[in-house]
Amino acid sequence: MFQPIRFYAAIEQPLSFRPPRIHCPACGKPAFAAARAPRPCEHLEFVYSGKLGVFEYRSATFLQRCAKAALQEVTLDQLADYVLRIGRSNSLLAIEVTYGAINGRPAWHTDVYGFDFCAEE
Ligand SMILES: [Zn+2]
């Protein structure tokens, strides 16, 4: 779903399996902990929750680029185009995680973690 990004990995969990804990491939810090820490991993650009349809985390540079974009709400289907439009593609590694749970009936969600190893300081 997120394929236009050049560097891309997809993980699909079996139904009822918890989503894996994604770690930064460069420094090894856990992405979820990093997103909630006061000083997150410098490589983490964004965490997008497909379940909520929002960015759960955006780095300062990513946030600046988002501020210039007209589109404020982004669906999972729009995410790749959005990231390309704001100029975050050539050095980005996107890891897409799809997982499902049964709450009455199966529900599938996809989260996307964006890492940038050429982050500008
Ligand atoms: Zn890192």
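## A quick tour of the fold

Twelve bridges tie strand E4 (residues 92-103) to strand E5 (residues 105-116), and the two run antiparallel. Strands count as paired if DSSP finds at least two bridges between them. One of those partnerships links Ala 94 to Gly 114 in E5. The two strands make a hairpin with one residue between them, and Gly 104 in the turn has a positive phi of about 90°.

Keep in mind that this is a predicted model: local features need pLDDT of at least 70, side-chain atom pairs count only at pLDDT 80 or more, and totals for chains, interfaces and linings use all residues. Residues are numbered from 1 along each chain as its sequence is written.

Now for the whole protein. There are three helices and five strands, and from the N terminus on they run β-α-β-β-α-α-β-β. Helices (H or I, at least four residues) and strands (E, at least two) are DSSP runs, numbered from the N terminus. Of the 121 residues, 29% count as buried, meaning 20 or more other C-beta atoms lie within 10 Å of a residue's own C-beta, placed from the backbone (exposed is 12 or fewer, partly exposed in between).

Another spot to look at is Ser 16, in the loop between strand E1 (7-12) and helix H1 (31-36). Most residues other than glycine have a negative phi. Ser 16, not a glycine, has a positive one. Ser 16 is also exposed, with 10 other C-beta atoms within 10 Å.

Here are the two positive phi values together:

| Residue | Phi |
|---|---|
| Gly 104 | about 90° |
| Ser 16 | about 75° |
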